[in-house]
Structure formats: structure tokens, C-alpha cells
Amino acid sequence: MTYKVAFVTGASSGIGEVTAKKLLQQGYIVYAAARRIERMEPMSRLGIHILSLDVTDETSRHAAITHIMTQSGRLDILVNNAGYGAYGALEDIPLEEARAQFDVNVFGAMRLIQLSLPHMRRQKSGTIINVSSIGGKIYTPLGGWYHGSKFALEALSDCLRLEVAPFGIHVVIIEPGGIKTEWADIAAAKLLKTSGHGPYAAQAHAMAQTITGTLSRRYQSAPELIANTIVKAVTTDQPKTRYVAGLGAKPLLLLRHLLSDRLFDRLIRLTAKKSRRL
Ligand code: NDP
């Protein structure tokens with residue numbers, strides 16, 4: 001075999017965009033997908049194949065996988081990266097918003113896995129990368145549906161890893177900490193729209209400031225860090241089951257492991273307060 005094919009979702013910005021470029025540099029044939037294809041035009045000039053994809057739409061998902069298989073004949077790497085944070089108080093978020101959150105972060109990713117697996121099984125190889133978050137292990141107020149979606153993605157990925165290992169397919173979970181992308185602004189905007197008025201307004205404004213505030217901006221890690229982590233995972237013979245990287249990720253996961261729920265609650269409140277003051 002002389003070439004390998006990678007498919008990256010959520011590639012119109014942030015982690016996905018940089019990952020697609022890094023995989024191209026590694027010699028992969030790369031398919032980069034998102035809804036805003038105009039944002040990906042510069043990537044097509046680099047030689048990356050651009051696909052229009054809404055991960056919530058079955059026709060769109062089918063078309064993407066069919067296109068890759070027809071054009072390249074194989075699929076080696078699937079990077080399920082598309083995602084966003086539907087922030088807001090659990091009391092306030094309409095269930096259709098909650099379902100939309102799971103449609104993108106969970107069902108979109110899982111359906112692309114279902115569509116990719118027959119090809120990977122036939123090849124007897126493949127790597128599925130699911131971009132979760134440290135938010136798949138820890139929690140914050142007003143992020144319930146986002147955390148719920150990432151916790152779900154973690155559990156599904158663990159089960160999947162066991163199911164597909166006999167076919168020579170790897171499943172890898174990526175758990176980024178704070179990364180400088182468009183994610184925070186989108187989450188904060190959703191938060192303020194949903195809970196910026198009413199009983200949770202004070203919490204919502206404080207949390208929006210924490211997410212987008214100076215401390216976050218100053219210390220957030222570059223998306224290159226996560227893209228490099230993904231490249232490392234896909235170019236290793238025996239990848240780890242999880243990779244943790246980015247601002248605050250390792251210490252926060254360690255503290256979650258060590259502290260009781262009550263102590264961790266206090267830590268989360270304190271961290272939010274401190275980051276607003278800076
Ligand atoms: P960005 O907002 O920069 O990128 C998100 C990408 O997801 C965009 O390309 C967007 O493309 C795509 N996307 C969103 N909805 C859909 C959809 N329905 N169909 C197809 N694509 C969609 O954020 P990041 O790069 O930071 O996020 C990438 C992943 O990393 C997400 O899963 C996020 O949860 C996770 N993460 C991010 C962290 C951070 O601090 N930034 C921390 C931990 C995890 P388009 O709108 O054009 O469709």
C-alpha cells in the first residue's frame with residue numbers, strides 16, 4: 001500500500017483545520033469536512049479534499065463516506081472532531097437544543113463510525129479518533145448538555161474499542177483542555193442567549209466571562225498541540241486509549257480523580273472566580 005486516507009470532520013476551523021493540514025504534511029490523502037465549505041477553500045489549494053458535511057444529516061454523512069470510498073478506495077483514519085458547546089442552565093435549555101447537542105457531538109460521530117467500519121473491517125485496519133474533552137471527565141455549571149455529550153462519547157468510545165479491536169481497528173479518545181479556537185465564543189454566545197436573562201442570569205454572565213475571559217485567552221493552548229497529538233496517535237503502531245493535552249487538562253483530571261465530589265465542586269467554583277478576576 002502506498003497511501004493512507006484520513007477523514008477529518010469539523011475542519012473549517014480550530015483543531016480540525018490544523019489536524020487536516022498536519023495529516024497532509026504527514027503524507028495522508030486528506031478529506032476535510034464541515035458545513036462552511038467556503039472557509040476551507042484555502043485548504044483545497046494545499047491539496048486537501050474539501051467536503052460539505054452536516055454531521056446531523058444522514059444524506060450528507062452518506063455522501064461524504066461514499067465520495068471518499070469512490071475516489072480513494074479506502075479509509076484509514078476517521079477523526080470525529082466536529083462539535084460545539086450548547087451551554088445554558090439545564091432548567092432553561094429546550095430539549096430540542098439538547099437533542100441538537102447530542103446529534104452533533106454524539107450521534108453524528110457515531111453514525112460516521114457506523115458508515116466507516118465496514119470499510120475498515122474489510123481492510124483489517126483503521127484508526128478512529130474521537131475528539132472528546134476533559135469535559136468528558138469533569139463538569140462545570142451551565143455546561144450540562146455539553147458534558148453529557150462528551151461523557152457519552154467517552155463511554156461509547158470505550159465500548160467500541162473493545163468491539164472493533166478483533167478487526168485490527170484502533171479507537172482513540174482525545175481529551176483537550178482549554179484550546180484557543182472559536183469554541184469558547186460559540187459556547188458563551190449560546191449560554192447568554194439561553195440563560196443571560198432570568199434566574200440564572202448572574203451565573204450565566206459570570207460563566208461566559210470565565211469561558212471567554214482574559215485568563216482563558218492568555219493561557220489557552222494552540223490547536224497545533226491537539227493536532228500534533230492526533231498525528232502522534234495515528235502514526236503509532238499501538239496508540240494509547242486516551243491522550244490528554246492542553247491548558248489545565250492533566251492537573252484537572254488528576255484532581256477529579258483524587259478529590260471527592262464536594263471538594264471538586266469547590267475547586268470548580270474557585271477556578272471560575274479566580275479566572276474572572278484576572
Ligand atoms: P471550533 O468551533 O473552532 O470548531 C468546531 C468545528 O465543528 C467547526 O469546523 C464546525 O464547522 C464543526 N461543526 C459544528 N457543528 C457541525 C455540524 N453540525 N456538522 C459538521 N461540522 C460541524 O472548535 P474546536 O476546534 O475547539 O472544536 C473541535 C472539537 O474539540 C469539538 O468537538 C470540541 O468540543 C472539542 N474541544 C474543544 C476544546 C476547546 O477548548 N476549544 C476543549 C475540549 C474539546 P461548521 O460550523 O463549518 O460546520
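**Burial, sheet and ligand shell**

Reader: Why is L142 called buried?

Author: L142 has a relative accessible area of 9%, and buried means under 20%; L142 is therefore buried in this predicted model. The residue is found in the loop between β5 and α5 (144-164).

Reader: What makes the phi of L142 worth a remark?

Author: L142 is not a glycine, although its phi is positive, at about 70 degrees. A positive phi also occurs at K124, about 60 degrees, and K124 is not a glycine either.

Reader: How do you know whether K124 counts as buried or exposed?

Author: The relative accessibility of K124 is 65%, and exposed means over 50%; K124 therefore counts as exposed. K124 lies in the loop that runs between α4 (95-123) and β5 (126-131).

Reader: What is the order of the strands in the open sheet?

Author: The order of its 7 strands is β3-β2-β1-β4-β5-β6-β7, and the pairing is parallel.

Reader: Why are β3 and β7 called edge strands?

Author: β3 (49-52) and β7 (242-245) each pair on one side only. Across this sheet, neighbouring strands are turned by 15 degrees against each other on average, with direction ignored.

Reader: How do you know that β2 and β3 pair?

Author: Two strands pair if there are at least two bridges between them, and β2 (residues 29-34) and β3 have 4 bridges in the parallel sense; the criterion is therefore met. A32 has I50 of β3 as its bridge partner.

Reader: Which strands does α5 touch where it packs on the sheet?

Author: α5 touches β5, β6 (169-176) and β7, and its direction makes about 160 degrees with that of β6. Helix α9 (residues 223-235) also packs on the sheet, touching β4 (77-80), β5, β6 and β7. The direction of α9 makes about 160 degrees with that of β7.

Reader: How many residues surround the ligand, and which are the closest?

Author: The ligand is surrounded by 29 residues, and the closest are S13, R35, R36, Y146 and T181. At least two residues of the shell come from each of α1 (14-25), α5 and α6 (183-195).

Reader: What makes the approach of T181 to the ligand a polar contact?

Author: An N or O atom in the side chain of T181 is 2.6 Å from an oxygen atom of the ligand, and the cut-off for such a pair is within 3.5 Å; the pair therefore qualifies. By the same cut-off, a nitrogen atom of the ligand, 3.1 Å from an N or O atom in the side chain of D54, also qualifies. A backbone N or O atom of G83 lies 3.4 Å from an oxygen atom of the ligand. Taken alone, the ligand exposes 880 Å², of which the protein buries 95%.

Note on methods. Residues are numbered from 1 along each chain as its sequence is written. This is a predicted model: local features need pLDDT of at least 70, side-chain atom pairs count only at pLDDT 80 or more; totals for chains, interfaces and linings use all residues. Side-chain values use heavy atoms; hydrogens and water are left out. Buried means under 20% relative accessible area, exposed over 50%, partly exposed in between (1.4 Å probe, protein chains only). Axes are lines fitted to C-alpha atoms, for helices over the stretch in contact, and angles run from 0 to 180 degrees between N-to-C directions. Contact means heavy atoms within 4.5 Å. A residue is near a molecule or strand if one of its heavy atoms lies within 4 Å of it. A polar contact is a pair of N or O atoms within 3.5 Å; within protein, one must be able to donate a hydrogen and the other to accept it, and residues adjacent in sequence count only if both atoms are side-chain atoms. Accessible areas come from the Shrake-Rupley method with a 1.4 Å probe; for residues, only the protein chains shown count as cover.
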